[in-house]
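Trainee: Could you take me through one helix pair in detail and then show me what surrounds it? I'd like one connected account.

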Amino acid sequence: MKNEQFNNRDVSNEYFMVDIQDYPTEPWDKFKRTLKRTFRIELFVGLWVVMREMIRFDIHTVSYPEEKMPIGPRYRAVHEMKRLWESDAERCIGCGLCEKICISNCIRMETKVDENSRKEVSEYTINLGRCIFCGYCAEVCPELAITHGGEYENASEQREHFVDYAAMLTPLDKMKAGAQQEFEGFGAITPHEDESVKKTPLSY
Amino acid sequence: MEVAYLIETVIKIVVVLLVFSMLAGIGTYFERKILAFMQRRLGPMNVGPYGLLQFGADAIKLFTKEDIIPSNVVAPIFKIAPVITAATAFLAAAAIPFLPSFTIFGYEVHPIIADINIGILYILGMMGVGLYGPLLGGMASANKFALLSAARGAAVFISYEVVTGLSILAPIMMVGSLSLIDFNEYQSGGFTDWIVWSQPVAFILFWIAAFAETGRTPFHLIANDHEIVDGFGTEYSGMRWGLFFIGEYANMFFISFVIPLLFLGGYGDGSFLGALGLLGKMAFFFFFFLWTRAAWPDVRPDQLMWLCWKVLMPIAVLNILITAIVLM
């Protein structure tokens with residue numbers, strides 16, 4: 001595909017006025033319009049279109065529980081807490097920026113100084129009933145500790161099942177297996193996205 | 001002989017009732033599947049293989065749902081209205097020959113419950129009475145959408161019933177009988193004997209009126225979902241609503257039998273092939289009901305009345321006049 005059609009933004013010679021005729025007022029003109037509409041057999045065009053789609057059988061349904069659409073890395077689902085690759089320790093340094101920036105005030109954290117005189121998170125909760133999944137907490141985090149995961153199947157008996165710090169934290173065995181999914185960064189595109197993008201509207 | 005006739009009739013009634021109640025259920029499955037395919041969807045897939053048992057699940061749901069009678073409705077009328085729709089739909093089936101007569105265990109069976117001499121008049125009358133279901137149900141519902149639907153039903157009914165009656169008059173004049181058996185015998189000579197060749201206008205008119213009669217999509221304005229919720233069915237729940245549904249689908253099947261019997265040769269000479277032909281034609285007309293639902297928009301009530309009174313009725317009257325002159 002060449003770039004010329006995108007660079008040429010001058011559409012003045014492509015716009016045209018649609019020829020809309022006045023509504024007929026005379027009975028004879030009305031009768032002629034009725035005849036024209038009746039015998040233009042547009043109804044059968046509609047019938048043919050749906051029949052063609054039925055014969056072509058190009059079904060676009062995703063039968064959801066069995067197959068799932070790939071989800072973009074930018075998707076903002078329930079939060080995850082990441083660990084350091086080197087030491088398997090928690091990345092969170094307890095700076096409290098996420099708590100400050102949270103516009104729905106749903107993050108609460110308590111910190112203390114541990115025996116190594118490092119700051120340590122003692123309590124960390126996210127009230128998912130209030131969270132609007134704006135992504136500010138993940139954006140502001142200086143350590144890439146809190147990120148959004150891709151888990152959107154959140155059915156549970158209680159909301160509290162998702163706000164537990166231990167539940168958000170990458171499990172140790174997953175960490176040992178080196179399977180922690182790193183956040184690809186803001187602006188990351190969905191895999192194979194360029195295959196599904198056809199044409200920008202500018203070229204129409 | 002008298003006892004045998006009685007037993008035969010009772011058996012036929014039970015068979016027709018069971019088969020068409022069942023078909024009405026399966027009809028909903030076909031409708032959902034075909035609409036889905038035409039809109040590039042899959043339709044019901046999860047209950048049974050390819051969703052085949054979906055209508056069973058629907059039936060269980062309808063039967064076990066609570067039957068709610070709202071507090072402001074006229075309860076006796078509200079309760080009886082769905083029964084009218086379903087009962088008249090099945091009553092109309094009494095004069096329809098579903099298959100040619102066949103011999104079983106040396107006993108000749110006529111697959112028509114009563115070959116009365118006013119056949120088609122009786123069928124149209126019964127289907128006309130079926131309108132009392134939506135009308136009474138809508139007026140008794142104490143719901144403005146239901147009331148609107150009842151008013152529309154009455155207005156539309158007068159319009160299309162005129163077209164139905166007048167369009168069918170010309171073929172009746174040719175055949176000289178109202179019985180569907182006589183219609184069939186008139187056309188039993190084969191493909192070229194079909195009434196549709198001599199009465200194409202009446203065929204088209206009757207087909208259009210059949211859409212209004214069954215309330216299918218181009219004229220689906222009695223229960224037009226996007227305008228008046230579910231119309232007369234708004235306040236109904238459970239099996240009472242299900243009876244409306246069964247009545248509507250049974251009506252679709254019966255009218256799909258009547259159109260080929262009247263115009264397209266019916267079951268022909270009565271052979272096995274002819275019987276298959278009738279079922280095939282019925283299937284096509286039923287399919288066409290679903291096909292139009294996927295393709296065509298709905299018309300407004302005033303457009304339907306305009307169409308019936310100002311276009312179809314004059315054409316029907318002209319058709320009768322020309323037929324009469326030719327027959328003379």
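Trainee: Which are α6(B) and α9(B) to each other, roughly parallel or roughly antiparallel?

Mentor: Happy to. Please keep in mind that this is a predicted model, in which local features need pLDDT of at least 70 and side-chain atom pairs count only at pLDDT 80 or more, while totals for chains, interfaces and linings use all residues. Residues are numbered from 1 along each chain as its sequence is written, and chains are lettered from A and ligands numbered from 1 in the order in which they are written.

Your two helices pack at an angle of about 150°, with 9 Å between their axes. Axes here are lines fitted to C-alpha atoms, for helices over the stretch in contact, and angles run from 0 to 180 degrees between N-to-C directions. α6(B) and α9(B) are therefore roughly antiparallel to each other; the classes are roughly parallel under 35 degrees, roughly antiparallel over 145, roughly perpendicular from 65 to 115, and oblique for the rest. Helices (H or I, at least four residues) and strands (E, at least two) are DSSP runs, numbered from the N terminus.

α6(B) passes α9(B) in a left-handed crossing, the term for a near helix turned anticlockwise from the far one by less than a right angle, with clockwise giving a right-handed one. On the α6(B) side the contact uses B:V156, B:Y160, B:V163, B:T164, B:S167, B:I168, B:A170 and B:P171, and α9(B) answers with B:A202, B:L205, B:F206, B:A209, B:A212 and B:E213. Two residues are in contact if their C-beta atoms, placed from the backbone, lie within 7 Å. By class, this contact has eleven nonpolar residues, two polar and one charged, where Ala, Val, Leu, Ile, Met, Phe, Trp, Tyr, Cys and Pro count as nonpolar, Asp, Glu, Lys and Arg as charged, and the others, Gly among them, as polar.

Now follow B:F206 inward. The largest nonpolar core has 93 residues, and B:F206 is among those that touch the most other members, along with B:I96, B:I123, B:A250, B:F254, B:V258 and B:I259. Helix α11 (residues 238-263) of chain B gives the largest share of this core, 17 residues. A nonpolar core is a set of buried Ala, Val, Leu, Ile, Met, Phe, Trp, Tyr and Cys residues joined through C-beta atoms within 7 Å. A residue is buried if 20 or more other C-beta atoms lie within 10 Å of its own, exposed if 12 or fewer, and partly exposed in between, with C-beta atoms placed from the backbone. Leaving out residues up to four places away in sequence, B:I96 touches B:I112, B:I123, B:L180, B:F254, B:F257 and B:V258. Apart from the largest core lies another one of 15 residues, including A:I107, A:V121, A:C131 and A:M168.

B:I123 brings us to helix α4 (residues 119-129) of chain B, whose buried residues are B:G119, B:I120, B:Y122, B:I123, B:L124, B:M126 and B:M127. Both helices of your pair help here: the cover over the buried residues of α4(B) includes α6 (144-175) and α9 (200-214), as well as α3 (75-92), α7 (180-186) and α11 of chain B.

For a contrast in geometry, try helix α1 (residues 2-38) and helix α2 (residues 54-64) of chain B, which pack at an angle of about 120° with their axes 9 Å apart. That makes α1(B) oblique to α2(B), and α1(B) passes α2(B) in a right-handed crossing. B:G25, B:I26, B:T28 and B:Y29 of α1(B) meet B:Q54, B:F55, B:D58 and B:A59 of α2(B). Four of these residues are nonpolar, three polar and one charged. B:T28 has 19 C-beta neighbours inside 10 Å and therefore counts as partly exposed. Its contacts, not counting residues up to four places away in sequence, are B:F55, B:D58 and B:Y249.

Finally, look across to chain A. Ten residues of chain B are in contact with 13 residues of chain A, and α12(B) gives the largest share of the chain B side, three residues. That side has eight nonpolar, no polar and two charged residues. Helix α3 (residues 42-56) of chain A packs with α12(B) at an angle of about 100°, and the two are therefore roughly perpendicular to each other. Here A:G46, A:L47, A:V49 and A:V50 make the contact with B:W291, B:A294 and B:A295.
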